[in-house]
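Work through the exercises below with the structure open. Try each task before reading its solution.

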Amino acid sequence: MKQNQFDWCDASDTGIIVAGVDEVGRGPLCGPVIAAAVILDPARPIEGLNDSKKLSEKKREALFDVICHNALAWSLGRAEVAEIDELNILHATMLAMQRAVEGLSVRPELAYIDGNRCPALSCRAEAIVKGDSRVPEIAAASIIAKVTRDREMLIMDMEWPGYGIAGHKGYPTKVHLEALRKLGPAPVHRRSFKPVRELLADVVS
């Protein structure tokens, strides 16, 4: 049964194969930006879908497994730190979304993209502001992307201790900025982002 909070007209009701696409990691100072694309199976509805930011970590983890098991298809796409620094975060995000959609084992006819911009895709695409709260396919994608990136941040924290990455997930918190000033940037930090760029400029000068 369709979740009540989803107010967007569901094109899948007409038989169109719809993929929802969302990303996580635009704001952090380190690590990749990760996108997910999900095609839900109408025959296997998933209860409890919502914007990943509105769910507890425990609920996200549980839904991650359900989505992976019940979805018709799902795929991840990513842009690494070097690509973010080379392209800028907007273009790197579009690239990650494009890779996620291209990686789907089922070809969508329409992709709903969270936000106000669409990447270049081989199928029709429509941008939906706050789509992760309005479209179940995007909500599912937001969960897959966030759980995947959060798990990577735990590994990154072990590889680069001292920055507190497991806690802040790379975002520019006070703890993270203080660690950056104390330890300097690690290879996983985005050189094109202002706090890291300014720190490197101070070191050079």
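**Exercise 1. Find the partner of Ala-37 in β3, then describe the pairing of the two strands.**

Step 1. Ala-37 has Ser-75 as its bridge partner in β3. Strands (E, at least two residues) and helices (H or I, at least four) are DSSP runs, numbered from the N terminus.

Step 2. β2 and β3 run antiparallel and are joined by seven bridges. Two strands count as paired if DSSP finds at least two bridges between them.

A note on the model: it is predicted, so local features need pLDDT of at least 70 and side-chain atom pairs count only at pLDDT 80 or more, while totals for chains, interfaces and linings use all residues. Residues are numbered from 1 along each chain as its sequence is written, and side-chain values use heavy atoms, with hydrogens and water left out.

**Exercise 2. Place β3 in its sheet and sort its residues by face.**

Step 1. The sheet is open and has five strands in the order β3-β2-β1-β4-β5, with mixed pairing.

Step 2. β3 and β5 are the edge strands, since each pairs on one side only. On average, neighbouring strands of this sheet are turned by 20° against each other, direction ignored. Axes here are lines fitted to C-alpha atoms, for helices over the stretch in contact, and angles run from 0 to 180 degrees between N-to-C directions.

Step 3. In a regular strand the side chains alternate between the two faces of the sheet. On β3 the covered face holds Ala-73, Ser-75, Gly-77 and Ala-79, and the uncovered face holds Trp-74, Leu-76 and Arg-78.

**Exercise 3. Describe how β1 is joined to β4, and state which helices lie across the strands.**

Step 1. Strand β1 (residues 18-24) and strand β4 (residues 110-114) run parallel, joined by four bridges. Val-21 has Ile-113 as its bridge partner in β4.

Step 2. Helix α3 lies across β1, β2 (33-39), β3 and β4, and runs at about 150° to β3. Helix α4 lies across β1, β2, β3, β4 and β5, and runs at about 35° to β1.

Step 3. Take one residue of α3 (residues 89-102), Thr-93. Its relative accessibility is 0%, so Thr-93 counts as buried. The classes are buried under 20% relative accessible area, exposed over 50% and partly exposed in between (1.4 Å probe, protein chains only). Leaving aside residues up to four places away in sequence, Thr-93 touches Glu-23, Arg-26 and Val-33; contact means heavy atoms within 4.5 Å.

**Exercise 4. Find the aromatic pair and classify it.**

Step 1. Rings of Phe, Tyr and Trp (its six-membered ring) pair if their centres lie within 6.5 Å; planes under 30 degrees apart count as stacked, over 60 as edge-to-face and the rest as tilted. The whole structure yields one aromatic pair.

Step 2. The ring centres of Phe-64 and Trp-74 are 6.4 Å apart and their planes stand at 65°, so the pair is edge-to-face.

Step 3. Phe-64 belongs to helix α1 (residues 57-70) and Trp-74 to strand β3 (residues 73-79), so the pair ties together parts that are ten residues apart in sequence.

Step 4. Phe-64 is buried at 8% relative accessibility, whereas Trp-74 is partly exposed at 32%.

Step 5. Arg-151 lies over the face of Phe-64, 4.4 Å from the ring centre. A charge sits over a ring if NZ of Lys or CZ of Arg is within 6 Å of the ring centre and within 35 degrees of the ring normal.

**Exercise 5. Decide whether Cys-118 and Cys-123 are bonded or unbonded.**

Step 1. A disulfide is a pair of cysteine sulfur atoms within 2.5 Å. The structure holds zero of them.

Step 2. The sulfur of Cys-123 is 9.4 Å from that of Cys-118, its closest cysteine sulfur, and this is too far for a bond.

Step 3. Cys-118 is partly exposed at 34% relative accessibility, and Cys-123 is buried at 15%.

**Exercise 6. Describe the phi values of Asn-88 and Lys-130, and where these residues lie.**

Step 1. Most residues other than glycine have a negative phi.

Step 2. Asn-88 has a positive phi, near 90°. Asn-88 lies in the loop between α2 (81-87) and α3, and is partly exposed at 35%.

Step 3. Lys-130 also has a positive phi, near 60°. Lys-130 lies in the loop between β5 (124-128) and α4 (136-159), and is exposed at 60%.
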